[in-house]
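Me: I should like to understand the terms used to describe a protein model. Please explain each one by setting the value against its cut-off.

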Amino acid sequence: MRLQRGKLKALVLMLSGLTTANAQADSAQQLLDVLLQNGTITQQQYTQLVDGLKTEQKDTLKAADNKVTVQRKGASMKFNSDDGGFDFQVGGRVMVDVAGFTRDNGQLGSGAELRRARLFAKGAMWDVWGYKFQYDFTGTGRGGIRDAYLQYAGLENLLGVNGHVRVGNFKEPFSLEEITSSKYITFMERALPVEVFSPSRNIGGVIQLNGEVSGAPWVAGVGMFGEGVNKVNKRKDQSYGVTSRISYAPTFGKNKFVHIGASGSWRDLQDQETTLSTRPEAHISDERLVSVDLGNAESAWKAGAELAAVWGPASFQGEYIRSFYDTVSGDAEFDGYYGYVSYFLTGESRAYDGKTGAFKRVKPMSIVGKNGGFGAWEFAARYSYIDLNDGAFNGGRERNYSFGLNWHATPNIRLMANYTYVDSDDTRLERDLDPHVFQGRLQADF
Amino acid sequence: MRLQRGKLKALVLMLSGLTTANAQADSAQQLLDVLLQNGTITQQQYTQLVDGLKTEQKDTLKAADNKVTVQRKGASMKFNSDDGGFDFQVGGRVMVDVAGFTRDNGQLGSGAELRRARLFAKGAMWDVWGYKFQYDFTGTGRGGIRDAYLQYAGLENLLGVNGHVRVGNFKEPFSLEEITSSKYITFMERALPVEVFSPSRNIGGVIQLNGEVSGAPWVAGVGMFGEGVNKVNKRKDQSYGVTSRISYAPTFGKNKFVHIGASGSWRDLQDQETTLSTRPEAHISDERLVSVDLGNAESAWKAGAELAAVWGPASFQGEYIRSFYDTVSGDAEFDGYYGYVSYFLTGESRAYDGKTGAFKRVKPMSIVGKNGGFGAWEFAARYSYIDLNDGAFNGGRERNYSFGLNWHATPNIRLMANYTYVDSDDTRLERDLDPHVFQGRLQADF
Amino acid sequence: MRLQRGKLKALVLMLSGLTTANAQADSAQQLLDVLLQNGTITQQQYTQLVDGLKTEQKDTLKAADNKVTVQRKGASMKFNSDDGGFDFQVGGRVMVDVAGFTRDNGQLGSGAELRRARLFAKGAMWDVWGYKFQYDFTGTGRGGIRDAYLQYAGLENLLGVNGHVRVGNFKEPFSLEEITSSKYITFMERALPVEVFSPSRNIGGVIQLNGEVSGAPWVAGVGMFGEGVNKVNKRKDQSYGVTSRISYAPTFGKNKFVHIGASGSWRDLQDQETTLSTRPEAHISDERLVSVDLGNAESAWKAGAELAAVWGPASFQGEYIRSFYDTVSGDAEFDGYYGYVSYFLTGESRAYDGKTGAFKRVKPMSIVGKNGGFGAWEFAARYSYIDLNDGAFNGGRERNYSFGLNWHATPNIRLMANYTYVDSDDTRLERDLDPHVFQGRLQADF
């Protein structure tokens, strides 16, 4: 019987996306070895088979060159090219909020809102290059652009330490709670001082390094930034600044660690009109109970300190941020801080991402929809404070007392209930508002 | 010859995405059994091979854990995780319109338009959780958000009946033609009373159940809704309402059924300025030939009745909708109705989705691009009527006579030609407009 | 030993996404033939095995019916259905710019910008149908829609020549540099006359054919277009026009060819207010140094001539465009041209796409991130000229002298540095601006 080369495909194609073509060929070769050794096939058949095998192997490798493996990553799909160096992932998040205000004089606007509706695409090319694009469809036009960057992650070869150089639109490295994704923050909204002072996303470039010292992760980054995608005044030179953050997290056993961090940011404001203000930790209202108009400002300095600690199901997190503005009406200095505790009734721990120096996804030990699971239950309490009064600048003060209950039904689905008592020394509205705020959120990400 | 464990990958990896690792191992085991039984391999070789097999099987199962299978669903791609419970799908629709008006005094604006350009992502997690996000890029900012919801579909375990609880932005359950996707409606635009009265998408929550009584599908849903993603006035309490729809479809053989349905909706309008109006069943014009300004309205009631019937290639569909408004200038009551017949010259039937109580995709028996196929041809005629006059409220009346020809070239590609004679008693424009409207659409979805 | 049919899956499933079920069955059959011939298995076993094989083959083919193969295409993922006729691809581009102006009197606005942030989805259905949707998230609302079209590509069967009929929103066939994708143009911005005169994307329909004459590709297209997605005035008849382009590229060996082309366009402007203007080949500024207001215009004629040549690493490209406007204030005639040379220091050639008659992606011979690669380096110099003065119309003249350095780090990642000296005879601004422009871009596409 004459064996044609093409007939051996069956042996060679004992491959799937799970192994390399080389390993397959080895296995097929081995099978032929056994059959020859046992006299099942003749030496002539063996030779023909091995010849065919080699030809087929080449064809297979060529055909497999651009083959892609698809794997589930959490609730989204990740694509990896079998020839290595390329991957691609799409995903998103949806958050639906409802909020009710009392004692608000009818000004705050109870109702429902689509808080975030984002999709992203990200990937890697030739191992060391990466990109990410994320858009929030609740934004308007280019104002919905969140992350839009390219990065080079091959620094280890150059500097001997992990890290990346990133260019585009993304978060300036400032504040623990700001760097922590909205998917993972403990309360529905970030604390007052973070909302007021953190620069969030702008167009710029950063170099960020990270590593470990005896198992304790550290992160250090510094970048230069212009204005954001939506703030471009195209007939005036843009403002620009330099921002840096460092963090370190000594660990003391399983799920026991302390995080310390510090951020600093300077910006040349190019004499732009500058206003500082924030909502009462409830996004559905557009009303700001504290707000200060600085007029034309020349430059700003901001500095922040971070402390967090996790002991199994219990955790603490707090930040202090101070800012200095050089304005045409004189200098101004404002500050604020917050602190909160969280406890998982079901025994989980808040999870830490050593590569970013921020918190990441909590994975409940029991999942709703899987064998009668009931999810993870978390209770939290927060105090936050902002002071926008300084000399002639009279933006007001606000103290918020919040309680939250989070139900992590699955790693990707979270229900949140927040209550906040707002104690504001408002200087702007006709009547001082001290509302009770009741809020709920249904959040899913994939 | 010593067989190493790693060498057996070839046998184990006789898998592909089409079977489970267990079945593969069974097959490989069986092959070894045959070879041992026939004396092709020795007992020692057999034992080594089986040992290796088991080890490899474990590795394979582990590697396959997050593996995903990609399958074509219509013209889009659907991803299913091999470990079950997760799937993900992306798709979209594009509709390109052209319209010409005569006798319009130059006011209606003939031309071309991108009517819809939507993408969606949807999926399931842990079997019972689902999500969908859909955006129409012809919208502006968050106004382009269509579906954006999360749902829990595990009601069967709790209530013993199929159904879901859904939270987010989606269509209120009201009106057969409104619930039927724009991909599947018979004319280019929905009928006058549906456009004027149906609440369409808002942010809220719904519980919807469905089942069958002796093969006849029924659907019942009720939900509470605030305002839509784009209507949020953030400094005033939002309006809110309750909406419900039930439908039932007794069947009398293959492609023969009757659909009956009823919807009701109540809304606390919070004294908002309220206007009712609609285009002349032609979207490319922004002109409204009927329009009534109700001033500040306190609340609204709406009720609708639905009737449809399919006898093979022929079908009928009609609705009557009545509404009551409680305004500061007194009560107002308006109504409207439509009815149409459709006939497939090529023998297809309009298809019904028992889970939503609405019509779904027509699949032509012959497909253009496949063996000389010529698609499905459908002819339809509609009469629709709206009356926005009541006492002091003088919004006008409109009667539209429409004829349509649809060419379903493939299940996913449809060309539509519509002619409408508009007979309006306009009270708002200087001159009463009774245009002839000629429209065409090219539609593809994937 | 009784062999059950289900046990043979292993043999049948020696398939993967790389071959067809038929080929697999052939291979499995062949294996059984060998084993029978050598007496390893009995005739009875053989018959059972072959029977089982056939049953399994049917099941496998059925299961594989909607199976999809995923392959990497460049840096993005492409899905092909195994049953043929369907494919789907997603991808995108991100461009981050920084620009500095000197001698600009502070009017041009130095800073950073996200120049483009696009995602696309495209695919084919039943072989002959195709669609593409592309959105630029730096746009506003429907203004961000780029390509949104459907096409029928089965013309070869009808006309005996390759080509397509396309309907939707896409580029009118006019100008070599306009048709060349922004991913592949040599300078950061297209030349002055292309920016001013080319109609770019509008809603319409086109028929385009292409072929080869003794290895030299030609393209010919003609289409009719209304206005673009964002320009629709919905209470006035739209303007419309006819545009055509033909090109031909005689070749003289490897990477040696000449491209010649001509475009023409006529448009009924419907007495719309018409303005011609352009930025100084720097997008980050909103200032126009040349600008002419034509008032209400009745119609416009445009004609363009193209010449390009590639000799290995060196290339030339140039265009001349002339336009005629019929306005209520009389006729007006304007023109402009540009020419540039480019040279790859690393030996690559500019690549040509014979199907569109435009330039396409340069693939560097050495890739950064792969074995110490250093990418491709390209130097270019351009002169461009626009004259918007004619009789009473005084829009000004501009001459730009540009130098560019492009670093193609990988086929998908490009860094660009551009310097332009602007020599404008501005008649509109108070002071004549002749700035030096320094620009940089980081570009990635996937």
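**Core, rings and surface**

Reply: In this predicted model, the largest nonpolar core comprises 106 residues, and Phe79(A), Phe79(B) and Phe79(C) have the most contacts inside it.

Me: What is Phe79(B) in contact with, beyond its neighbours within four places in sequence?

Reply: In chain A, Phe79(B) touches Val70(A), Met77(A) and Phe79(A). Its contacts in chain B are Val68(B), Thr69(B), Val70(B), Phe86(B), Asp87(B) and Phe88(B), and in chain C there is Phe79(C).

Me: How many aromatic pairs are there over all chains, and why is the pair of Tyr419(B) and Phe438(B) called tilted?

Reply: The whole structure holds 78 aromatic pairs. The ring centres of Tyr419(B) and Phe438(B) are 5.3 Å apart, which is within the 6.5 Å limit, so the two rings count as a pair. Their planes stand at 45°, neither under 30 degrees nor over 60, and therefore the pair is tilted.

Me: Which strands does this pair link?

Reply: Tyr419(B) belongs to strand S19 (residues 413-425) of chain B and Phe438(B) to strand S20 (residues 436-445) of chain B. The two residues are 19 residues apart, and the pair links distant parts of the chain.

Me: What makes Tyr419(B) and Phe438(B) partly exposed?

Reply: Tyr419(B) has a relative accessible area of 23%, which lies between 20% and 50%, so Tyr419(B) is partly exposed. Phe438(B), at 44%, lies between the same limits and is therefore partly exposed.

Me: What are the distance and the angle for the pair of Phe79(C) and Phe88(C), and are these residues buried or exposed?

Reply: Their centres are 6.2 Å apart with 35° between the planes, and this pair is tilted. Phe79(C) and Phe88(C) are both buried. They also belong to one aromatic cluster, whose members include Phe79(A), Phe79(B), Tyr131(C) and Phe446(C).

Me: Which residues make the nonpolar surface patch of about 670 Å², and which elements supply them?

Reply: The patch is made by Leu158(A), Leu159(A), Val165(A), Ile207(A), Val222(A), Met224(A), Tyr240(A) and Val242(A). Helix H4 (155-159), strand S9 (216-225) and strand S10 (240-248) of chain A each provide at least two of its residues.

Me: How do you know that Tyr240(A) is partly exposed?

Reply: Tyr240(A), which lies in strand S10 of chain A, has a relative accessibility of 33%. That value is between 20% and 50%, so Tyr240(A) counts as partly exposed.

Me: How much of chain A is buried?

Reply: Of its 446 residues, 61% count as buried. Chain A contains 6 helices and 20 strands.

Terms used. Residues are numbered from 1 along each chain as its sequence is written. Chains are lettered from A and ligands numbered from 1 in the order in which they are written. This is a predicted model: local features need pLDDT of at least 70, side-chain atom pairs count only at pLDDT 80 or more; totals for chains, interfaces and linings use all residues. Side-chain values use heavy atoms; hydrogens and water are left out. Patches are made of residues with over 30% relative accessible area and no salt bridge: like charges are joined within 9 Å, nonpolar side chains (Val, Leu, Ile, Met, Phe, Trp, Tyr) within 5 Å. Accessible areas come from the Shrake-Rupley method with a 1.4 Å probe; for residues, only the protein chains shown count as cover. A salt bridge is a side-chain nitrogen of Lys or Arg within 4 Å of a carboxyl oxygen of Asp or Glu. Helices (H or I, at least four residues) and strands (E, at least two) are DSSP runs, numbered from the N terminus. Buried means under 20% relative accessible area, exposed over 50%, partly exposed in between (1.4 Å probe, protein chains only). A nonpolar core is a set of buried Ala, Val, Leu, Ile, Met, Phe, Trp, Tyr and Cys residues joined through side-chain atoms within 4.5 Å. Contact means heavy atoms within 4.5 Å. Rings of Phe, Tyr and Trp (its six-membered ring) pair if their centres lie within 6.5 Å; planes under 30 degrees apart count as stacked, over 60 as edge-to-face and the rest as tilted.
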